[in-house]
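Here is a short report on one protein structure. Look at the strands first, then at the surface.

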Amino acid sequence: MDFDLTPAQRELRDRVAGFVDDVLIPLEVPAELALGRLPTEDAERVRREARARKLDGGNHAAELGGQGWSNLEQVIVHEELGRNTNAVWWHVGGAYNVLAEGTPEQIERYLRPTLRGERCDAYAVTEREAGSDAGGVAGTAERTESGGWRLRAEKWFVTTGDIADYYIVMVNVVDGDARLPTLFLVDRDVLGIEFLEDPPFTHNYPHGHPTILFDVELPADAVLGGEEAIGRGDELQNQWFVEERIHIAARCVGAMRRLLAETVDWSLERHQFGSRIFDFQGVSFPLADSAADCVAARLMVYHCAAMADDPAVDRKLVHAHASMAKLFAAEAAYRCADRCVQAFGGRGYMRTNVAERFLRELRVDRIWEGTSEIQRLIVARGLERRGVDRLLSA
């Protein structure tokens, strides 16, 4: 396949790379020392600069207030964002892709103001007993006598849930004996939302991942997508999973590029026993392996994005290739970070060192939006159901 970028795509890549280098990377160590929470003026500067450079809301159509990027263009951007530690880029405005499936009224109330930076969303899926198995969600929504809904659920790891002013909540609509997976829009100011815990995690990121208890009454129009979307929760959520997995894989490629660039520079300058440490195969060979991993992961990600942009490609194949890309890139990036920490020696164990931060931060990419084991399961099922030749030649 031809992966040559168009002039417009190269300009986009250069624009986001400059943003990462000029705005995000200088804020990494201050963010680390502040446990991820930057001063308001720094966070606002990130948002302002991203908007000025037209780097926010890329996954939504221009007519809705986004940038209207293709999947390939989104990958170009996320690869560069992946060079940034401490997720400083989280301050860039954006909105979950499923919001575009909302009714016209929901798009006006939720999506457009989110893309303008006036509102903030969070996605609530995981539960105490439903992690890798999203189909095990126990949260429910039942119709009330007034025609609205009573939603009850305890959600874990609600990323950005501490600052969001509304939530996209996955529960099962109770319809007799049936349980219909459905997404609901829940404003933070409704009665019955309780924050049970806001636990600390390995990484120092701008926002938390709290545990939230929902026991709320909602209006009839709270179903994302309207009445006809009842029971479509798994389908809509799968759209989110596929996009997120491709983006995670792209950021892992960017992380490997940054890790290799900084570690090679260091090992060429660092001398021990009268030689550059790069000249010792114990240092250079692991870096060479990670360079091969980086190139392989990048090809997988770009290929998957091209598939996603082609409406003629079976979406099941896109799903499987997104899982392969996330699996390979996430595992490879973590190996790369571990190798780079080793090359830096004692300095690699300091939190002000980029390799140390990536070692902590990349670990979660093998867990969230589907663990590596779940990705392997998806790929294995693809081999069985679609056949080896079809899956591997797509």
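Which residue in β4 stands opposite A124? The partner of A124 is V169 in β4. Keep in mind that this is a predicted model.

**Strand β4 and its partners**

Strand β4 covers residues 166-175. Three strands that pair with β4 are listed here.

| Strand | Residues | Sense of pairing with β4 | Bridges |
|---|---|---|---|
| β1 | residues 121-124 | parallel | four bridges |
| β2 | residues 140-143 | parallel | two bridges |
| β5 | residues 178-187 | antiparallel | ten bridges |

Individual residue pairs show these contacts. T140 has N172 in β4 as its bridge partner. M170 is matched with L183 in β5.

Strands β4 and β5 form a hairpin, with two residues between the strands. In this hairpin, G176 has a positive phi near 65°.

Is β4 largely enclosed or largely open? Eight of its ten residues are buried, so the rest of the structure largely encloses β4. Buried here means under 20% relative accessible area. In a regular strand, side chains alternate between the two faces of the sheet.

**A patch on the surface**

Now turn to the surface. L383, V388 and L392 make a nonpolar patch there, of about 250 Å². V388 belongs to helix α11, which spans residues 388-393.

Is V388 buried, partly exposed or exposed? The relative accessible area of V388 is 44%, so V388 is partly exposed. That class lies between the buried limit, under 20%, and the exposed limit, over 50%.

Methods. Residues numbered from 1 in each chain as written. Predicted model: local features only at pLDDT ≥ 70, side-chain atom pairs only at ≥ 80, totals over all residues. Heavy atoms only, no water. Patch = residues over 30% accessible without salt bridge, like charges linked within 9 Å, V, L, I, M, F, W, Y side chains within 5 Å. Areas by Shrake-Rupley, 256 points an atom, 1.4 Å probe, with all protein chains shown as cover. Salt bridge = Lys/Arg side-chain N within 4 Å of Asp/Glu carboxyl O. Buried < 20%, exposed > 50% of the residue type's maximum accessible area, 1.4 Å probe, protein only. Pairing = 2+ DSSP bridges.
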